[in-house]
Amino acid sequence: QVQLVESGGGLVQSGGSLRLSCAVSGSIFRRNSLGWYRQAPGKQREWVATIASTHNTHYADSVKGRFTISRDNAKNTVYLQMNSLKPEDTAVYYCKMEYTNNWGQGTQVTVSS
């Protein structure tokens, strides 16, 4: 059974940075694309970024140039480096193994103005 565990969320001022981590159990990590999603209060969950097994990356327009997704296959971990944070980035952030229904439990990110 695949498990995903996020960490690294917290409270930060506007313009600040945070790095989220998602540790993934199971040997299938290397072969799979991993994604980050977020859900703000009262809004639908939205896609943020994806990294393929080839390390190709894709970003939502709202975070392009500010967020960087990366992966460490030796540690079975995917990261989301978030810079120049804005209050509208406030949300619960989830990692997901793409093309499956395997999600983490989420980590709260709050950006104060």
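1. Terms and status. Two strands count as paired if DSSP finds at least two bridges between them. That sense of pairing applies to the sheet described below. The model is a predicted one.

2. Overall make-up. The protein has 11 strands and 0 helices. Read from the N terminus, its elements run β-β-β-β-β-β-β-β-β-β-β. The radius of gyration is 13 Å, close to the 13 Å that the globule rule gives for 113 residues, so the protein is as compact as a globular protein of that length. Along the principal axes, the C-alpha atoms fill a box of roughly 40 × 25 × 20 Å. Of the 113 residues, 46% count as buried. Take the contacts between residues at least 6 apart in sequence: 53% of them join residues at least 24 apart.

3. The four-stranded sheet. An open sheet is formed by 4 strands in the order β1-β3-β8-β7, with antiparallel pairing. β1 and β7 are the edge strands, and each pairs on one side only. From one strand to the next, the twist averages 15°.

4. β1 against β3. These two strands run antiparallel and are joined by 4 bridges. S7 has S21 of β3 as its bridge partner. β1 spans residues 4-7 and has two faces: L4 and E6 make up the covered one, V5 and S7 the uncovered one. A reviewer may want to look at E6 here, as it sits on the covered face.

5. β3 against β8. The two strands are antiparallel, with 6 bridges between them. A23 stands opposite T77 of β8. S21 also belongs to β3. The C-alpha atoms of S21 and L80 are 6.5 Å apart, although 59 residues separate the two along the chain.

6. S21 in its setting. Is S21 buried or exposed? Its relative accessible area is 16%. The cut-off for buried is under 20%, so S21 counts as buried. Beyond its neighbours within four places in sequence, S21 is in contact with V5, E6 and S7. Its other contacts on that count are W36, T77, V78 and Y79.

7. β8 against β7. Here too the pairing is antiparallel, over 6 bridges. Which residue of β8 is the bridge partner of S70? The partner is Y79. I69 stands opposite L80 of β8. The hairpin of β7 and β8 has 4 residues between the strands, and N76 takes a positive phi near 50° there. β8 itself is mostly covered, with 5 of its 6 residues buried.

8. The nonpolar core. In soluble globular proteins, nonpolar side chains tend to be buried together. The largest nonpolar core of this model has 29 residues. W36, L80, M82 and Y93 have the most contacts inside this core. Seven strands each supply at least two of its residues: β3 (18-24), β4 (34-39), β5 (46-51), β7 (67-72), β8 (77-82), β9 (91-97) and β11 (107-112).

9. M82 within that core. Leaving out neighbours within four places in sequence, M82 is in contact with G16, S17, L18 and L20. R66, F67, Y93 and V109 complete the list.

10. A buried aspartate. D89 lies in the loop between β8 and β9. At 1% relative accessibility, D89 counts as buried. What does its side chain meet? It makes a polar contact with the side chain of R66, at 2.8 Å. Outside the four places on either side in sequence, D89 is in contact with R38, R66, F67, S84, V109 and V111. R66 and F67 are also contacts of M82.

11. A buried lysine. K96 belongs to strand β9. Its relative accessibility is 10%, so K96 counts as buried. A polar atom of the K96 side chain lies 2.9 Å from the backbone oxygen of T100. Not counting residues up to four places away in sequence, K96 touches L4, S33, L34, G35, Y37, N102 and W103. L4, one of these, is on the covered face of β1.

12. Places to inspect. Three sites repay a look in the viewer. They are the D89 side chain with its polar contact to R66, the K96 side chain with the backbone oxygen of T100, and N76 with its positive phi in the hairpin of β7 and β8.

Definitions and conventions: Residues are numbered from 1 along each chain as its sequence is written. This is a predicted model: local features need pLDDT of at least 70, side-chain atom pairs count only at pLDDT 80 or more; totals for chains, interfaces and linings use all residues. Side-chain values use heavy atoms; hydrogens and water are left out. A nonpolar core is a set of buried Ala, Val, Leu, Ile, Met, Phe, Trp, Tyr and Cys residues joined through side-chain atoms within 4.5 Å. Buried means under 20% relative accessible area, exposed over 50%, partly exposed in between (1.4 Å probe, protein chains only). Contact means heavy atoms within 4.5 Å. A polar contact is a pair of N or O atoms within 3.5 Å; within protein, one must be able to donate a hydrogen and the other to accept it, and residues adjacent in sequence count only if both atoms are side-chain atoms. Axes are lines fitted to C-alpha atoms, for helices over the stretch in contact, and angles run from 0 to 180 degrees between N-to-C directions. The radius of gyration is taken over C-alpha atoms; the globule rule is 2.2 Å times the number of residues to the power 0.38.
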